Amino acid sequence: MLFIFSGGEGFALVDSLRAATPTLNPDAAKAPDALEMDKDYFTGVLFKSKKMVKEVLMDQKKIQGIGNSYADEILWDARVSPFSISSTIPEKIVNKLFHSLKSVLKEAITAIAKENGDELRGELRDFMKVHGAKLKKSPSGAVVKSEKIGGRTSYYTDEQQLYS
């Protein structure tokens, strides 16, 4: 899909995974953006769900803006296993997870802006610590493993605590 604005500038959307749903004048989102939600909302979303935490983080109807790769990075940063049942994660760890969510996304925005400037050119992942088939070890030296969760490849290490 190609978008061209009246000034002549535009952009193209290429969706090889067929996950995007381009919509003109969409209804306002009911779920908050990951960087705009508060800790109470985040805690409530996790405590109300019996799903794996990675699935909850990626559920765009609950939290907007977290995809597969960033969910892996957030969970590794907080040292929470993607297989953890979200409602079983202790409140102290939920606080750590909330902090990791904010810091990982902000760091990614900074890294992408530094690399791209004001032009978006593809998906940058050079700064990722565990998400990627070529990454064999985390920055702390743990072996990076992969497994499918909800049809998506998840990358994680044994450094991450399982809550169930």
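**Close-up 1. R79 in the loop between α3 and α4 of this predicted model.** R79 is found in the loop that links these two helices, where helices (H or I, at least four residues) and strands (E, at least two) are DSSP runs numbered from the N terminus. Look at the backbone here: phi of R79 is near 60°, a positive value in a residue other than glycine. This positive phi comes just after α3. R79 is partly exposed, with a relative accessible area of 24%; buried means under 20% relative accessible area, exposed over 50%, and partly exposed in between, with a 1.4 Å probe and protein chains only.

A word on conventions: residues are numbered from 1 along each chain as its sequence is written. Because the model is predicted, local features need pLDDT of at least 70 and side-chain atom pairs count only at pLDDT 80 or more, while totals for chains, interfaces and linings use all residues; side-chain values use heavy atoms, with hydrogens and water left out.

**Close-up 2. Helix α3 and its surroundings.** Helix α3 covers residues 68-78, and 10 of its 11 residues are buried, so this helix is largely enclosed by the rest of the structure. The buried set is N68, S69, Y70, A71, D72, E73, I74, L75, W76 and A78. These residues pack against α2 (53-58), α4 and β4 (152-156), with contact meaning heavy atoms within 4.5 Å. As a handy reminder while you rotate the view, an α-helix has 3.6 residues a turn, so residues three or four places apart point the same way.

**Close-up 3. H131 and its neighbours.** H131 sits in the loop between α4 (91-116) and β3 (145-149). This histidine is buried, with a relative accessible area of 6%. Its side chain makes a polar contact of 2.6 Å with the side chain of D72. A polar contact is a pair of N or O atoms within 3.5 Å; within protein, one must be able to donate a hydrogen and the other to accept it, and residues adjacent in sequence count only if both atoms are side-chain atoms. Leaving aside residues up to four places away in sequence, H131 touches N68, S69, D72, E73, R125, T153 and Y155. You have already met N68, S69, D72 and E73 among the buried residues of α3.

**Close-up 4. T23 and N25 in the loop between β2 and α1.** T23 is found in the loop between β2 (10-12) and α1 (39-47), and N25 is found there too. T23 is partly exposed, with a relative accessible area of 47%. A polar atom of the T23 side chain lies 3.1 Å from the backbone oxygen of T21. N25 is exposed, with a relative accessible area of 74%. Phi of N25 is near 50°, a positive value in a residue other than glycine.

**Overview panel. The whole chain, to place the close-ups.** The protein has four helices and four strands, which follow the pattern β-β-α-α-α-α-β-β along the sequence. The radius of gyration is 17 Å, close to the 15 Å that the globule rule gives for 164 residues, so the protein is as compact as a globular protein of that length; the radius is taken over C-alpha atoms, and the rule is 2.2 Å times the number of residues to the power 0.38. The C-alpha atoms fill a box of roughly 50 × 35 × 25 Å along the principal axes. Of the 164 residues, 35% count as buried.
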